[in-house]
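Student: Can we go through this model together, one bit at a time? I'd like to see how each answer is reached.

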Amino acid sequence: MQFGSLQEIIDEHIRDGQSVALEGFTHLIPFAAGHEILRQKKRDLHLIRMTPDLIYDQLIGAGCACSLTFSWGGNPGVGSLHRLRDAVENDWPRPLEIHEHSHAGMAAAYTAGAARMPFGMLRGYVGTDLPDVNPQVREVRCPYTNEKIATVPAINPAVTILHAQAADRQGNILIRGIVGAQKEAALAAGTLIVTVEEIVESLDAPINAIVLPHWVVTAIAEVPTGAYPSYALGYYARDNAFYLAWDEIARDRERFMEWINRHVLQSRDHAEFLDSLAEAA
Amino acid sequence: MNRSSLNRYTPDEMMTIAAARLIWPGCVCFVGIGVPSAAANLARLTHAPDMVLIYESGGIGTQPSVLPLSIGDGELAETATAVVSLPEIFSYWLQAGRIDLGFLGAAQIDRFGNLNTTVIGDYAKPKTRLPGAGGAPEIVLHAKQIFVVLKQSPRSFVAKLDFCTSAGFLNGHGERARRAITGAGPQVVITDLGVLKPAPDSQELTLVARYENVSVDKICQATGWPLGIADNIDVVATPPADELRVLRDLHKRTEIAHTGDVLRSRKTPRPLISQVNA
């Protein structure tokens with residue numbers, strides 16, 4: 001387990017062409033880490049996330065991804081992810097191969113990945129056209145009842161990146177609030193990178209809290225406000241106004257590229273990114 | 001829209017209110033964002049305070065004071081009886097049959113209540129790429145029943161879906177039961193013009209009620225197939241002032257909350273930005 005700057009951790013652990021999952025279901029989305037991937041111009045990534053959200057809209061629009069595994073690709077409560085749409089509809093800025101699931105299917109795939117099983121099972125995908133467009137969705141017969149059960153191959157990202165509230169000095173990680181499939185994505189990964197709001201002496205975690213022990217964590221960077229404009233329960237709220245404003249920014253290719261240049265590429269780190277947004281407000 | 005006038009209302013308000021009225025006290029309801037979430041919360045704030053609201057982000061028994069913009073806003077966790085992981089909500093709660101009602105929207109619906117939220121046009125080269133499946137394909141299988149709410153037009157009520165994301169009655173005439181799907185499927189479709197229910201034998205959606213000042217003719221014209229019509233068409237009661245007031249207060253609170261400053265009462269390590277202009 002290593003503590004380091006986000007810059008050096010992304011540089012060391014993310015390689016072009018890798019499968020990378022930045023998880024966090026609406027809550028604790030690792031925006032700072034995604035922006036650092038964008039700054040370092042990583043390419044040909046296979047991005048994995050249940051809900052691509054704004055962070056993958058940005059990575060896809062900036063040309064970092066060649067494929068995407070996902071289960072719901074909208075701007076929650078607002079509408080489209082325009083950069084994702086442009087990639088799928090018009091191959092801009094490059095073609096994007098998609099592997100599409102339902103939430104239940106993808107949750108089962110992460111769970112299998114964490115347990116190091118070859119596939120996940122669910123009563124699902126009945127009557128939907130999804131298996132026609134995603135041949136990875138198949139079925140098995142239950143050996144006890146002969147019932148047909150849908151299967152999805154395990155998801156084992158080369159790298160999973162999470163944002164969490166806190167790490168202690170040993171590198172144990174505490175996550176609380178809406179936890180999505182973060183624990184499963186973390187334990188399914190080859191390499192686990194975590195950004196945290198703060199590093200503390202003791203986590204003081206309740207007995208059944210979600211704690212990822214230090215020996216499953218590869219690297220930790222302390223990045224305050226690292227989930228913004230998503231949120232960290234107990235630290236800051238989701239900036240819903242930003243999610244609303246993103247609709248206009250992302251709708252137009254030029255305006256999107258200007259935004260990425262001005263706020264992400266021209267900022268050295270997440271603190272500068274936040275300052276640049278404050279200046280523009 | 002004139003928000004101050006409580007004797008006038010919009011078709012969207014009528015749709016939300018008509019949907020909310022169908023939710024019963026004690027109902028365990030799995031809701032999507034948008035009109036389903038608004039209708040479910042309106043029911044909770046009016047006639048069904050003990051209903052159990054479940055969002056797929058893992059909040060069980062959540063009681064938000066404003067409508068969440070996203071499925072995972074912080075308030076959904078902070079006001080919930082329990083917050084569980086996403087694999088758990090879909091397996092132990094939904095798949096296990098613990099949900100009474102799944103409440104969904106869609107971009108397209110066909111005569112058998114099948115839903116499309118994936119693409120308009122061809123999947124490989126779509127005209128419009130929509131967000132996709134989310135929780136819906138399994139919600140429609142495992143919730144004991146489904147309500148669907150969407151605006152009615154020839155673009156949304158189509159003879160043939162561009163893509164079937166989530167199963168309704170498939171080809172009707174008992175196919176859903178033959179495929180051993182446990183939930184009963186879409187029992188009510190609430191639109192901005194009226195209410196449709198599946199016919200007993202064919203499961204084809206049939207008009208059973210209209211709103212005041214909306215003609216049956218208009219509803220037929222807004223449907224992309226020859227719409228079956230029940231022998232007796234009910235007229236849904238106009239919303240009384242107090243029902244409208246609760247809905248508008250909810251939307252007003254929500255609007256203020258979503259454009260508000262994220263700094264409010266938070267432990268915040270550095271100043272944040274409430275409005276961003278490129």
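Tutor: Sure, and a definition up front: two strands pair if DSSP finds at least two bridges between them. Keep in mind that this is a predicted model.

Student: With that in hand, what is the strand order in the open sheet of three strands in chain A?

Tutor: The pairing in this open sheet is antiparallel. Strand 8 (119-122) and strand 9 (138-141) of chain A each pair on one side only, so by the rule of at least two bridges per pair they are the edge strands. The order is 8-10-9.

Student: How much does that sheet twist on average from one strand to the next, and which helix packs on it?

Tutor: From one strand to the next, the twist averages 40°. The helix touches strand 8 and strand 10 of chain A, and its direction makes about 140° with that of strand 8 of chain A. The one you want is helix 5 (residues 103-114) of chain A.

Student: Which residue stands opposite Arg138(A) in strand 10 of chain A?

Tutor: Start with the strands: four bridges join strand 9 of chain A to strand 10 (residues 148-153) of chain A, and the two run antiparallel. Opposite Arg138(A), in strand 10 of chain A, stands Thr151(A).

Student: Now for strand 4 of chain A: which residues stand opposite Leu68(A) in strand 3 and strand 7?

Tutor: Strand 4 (residues 65-70) of chain A runs parallel to strand 3 (residues 45-48) of chain A, with four bridges joining them. Four bridges also join strand 4 of chain A to strand 7 (residues 97-100) of chain A, again in parallel. Leu68(A) stands opposite Leu47(A), and in strand 7 of chain A its bridge partner is Ile98(A).

Student: What is the handedness of the β-α-β crossover between strand 3 and strand 4 of chain A?

Tutor: Strand 3 and strand 4 of chain A run parallel, joined by four bridges. Between them the chain passes through helix 3 (residues 53-61) of chain A, and the crossover is right-handed.

Student: Which residue of strand 15 of chain A is the bridge partner of Phe3(A), and which stands opposite Val196(A)?

Tutor: Strand 1 (residues 2-3) of chain A runs parallel to strand 15 (residues 219-222) of chain A, with two bridges between them. Strand 13 (residues 191-200) of chain A also pairs with strand 15 of chain A in the parallel sense, over four bridges. For Phe3(A) the partner is Ile220(A), and for Val196(A) the residue opposite is Glu222(A).

Student: Backbone oddities next: which prolines follow a cis peptide bond?

Tutor: Most peptide bonds are trans. One cis bond runs from Trp92(A), with omega near 5°, into the loop between helix 4 (82-90) and strand 7 of chain A. Another starts at Tyr228(A), with omega near 10°, and its proline lies in the loop between strand 15 and helix 8 (240-251) of chain A. The prolines are Pro93(A) and Pro229(A).

Student: What is the phi of Leu28(A)?

Tutor: Most residues other than glycine have a negative phi. Leu28(A) sits in the loop between strand 2 (19-22) and helix 2 (31-39) of chain A. Although Leu28(A) is not a glycine, its phi is positive, at about 55°.

Student: Over to chain B: why is helix 2 called oblique to helix 8?

Tutor: The axes of helix 2 (residues 35-45) of chain B and helix 8 of chain B come within 10 Å and cross at roughly 125°. Perpendicular covers 65 to 115 degrees and antiparallel needs over 145, so this angle falls in the remaining class. The contact is made by Asn41(B), Leu42(B) and Leu45(B) from helix 2 of chain B and Val246(B), Leu247(B) and Leu250(B) from helix 8 of chain B. That makes the arrangement of helix 2 of chain B to helix 8 of chain B oblique.

Student: And how does helix 1 of chain B lie relative to helix 8 of chain B?

Tutor: Helix 1 (residues 11-21) of chain B packs against helix 8 of chain B at about 105°, with the axes 11 Å apart. The contact residues divide into three nonpolar, one polar and two charged. Since 65 to 115 degrees is the range that applies, helix 1 of chain B is to helix 8 of chain B roughly perpendicular.

Student: Last one: which element gives the most to the side of chain B that touches chain A?

Tutor: In this interface, 52 residues of chain B are in contact with 64 residues of chain A. By class, the chain B side has 26 nonpolar, 18 polar and eight charged residues. With four residues, the element giving the most is helix 4 of chain B.

Definitions and conventions
Residues are numbered from 1 along each chain as its sequence is written. Chains are lettered from A and ligands numbered from 1 in the order in which they are written. This is a predicted model: local features need pLDDT of at least 70, side-chain atom pairs count only at pLDDT 80 or more; totals for chains, interfaces and linings use all residues. A crossover is right-handed if, with the strands pointing away from the viewer, the path from the first strand over the helix to the second runs clockwise. Two residues are in contact if their C-beta atoms, placed from the backbone, lie within 7 Å. Ala, Val, Leu, Ile, Met, Phe, Trp, Tyr, Cys and Pro count as nonpolar, Asp, Glu, Lys and Arg as charged, and the others, Gly among them, as polar. Axes are lines fitted to C-alpha atoms, for helices over the stretch in contact, and angles run from 0 to 180 degrees between N-to-C directions. Angles under 35 degrees count as roughly parallel, over 145 as roughly antiparallel, 65 to 115 as roughly perpendicular and the rest as oblique.
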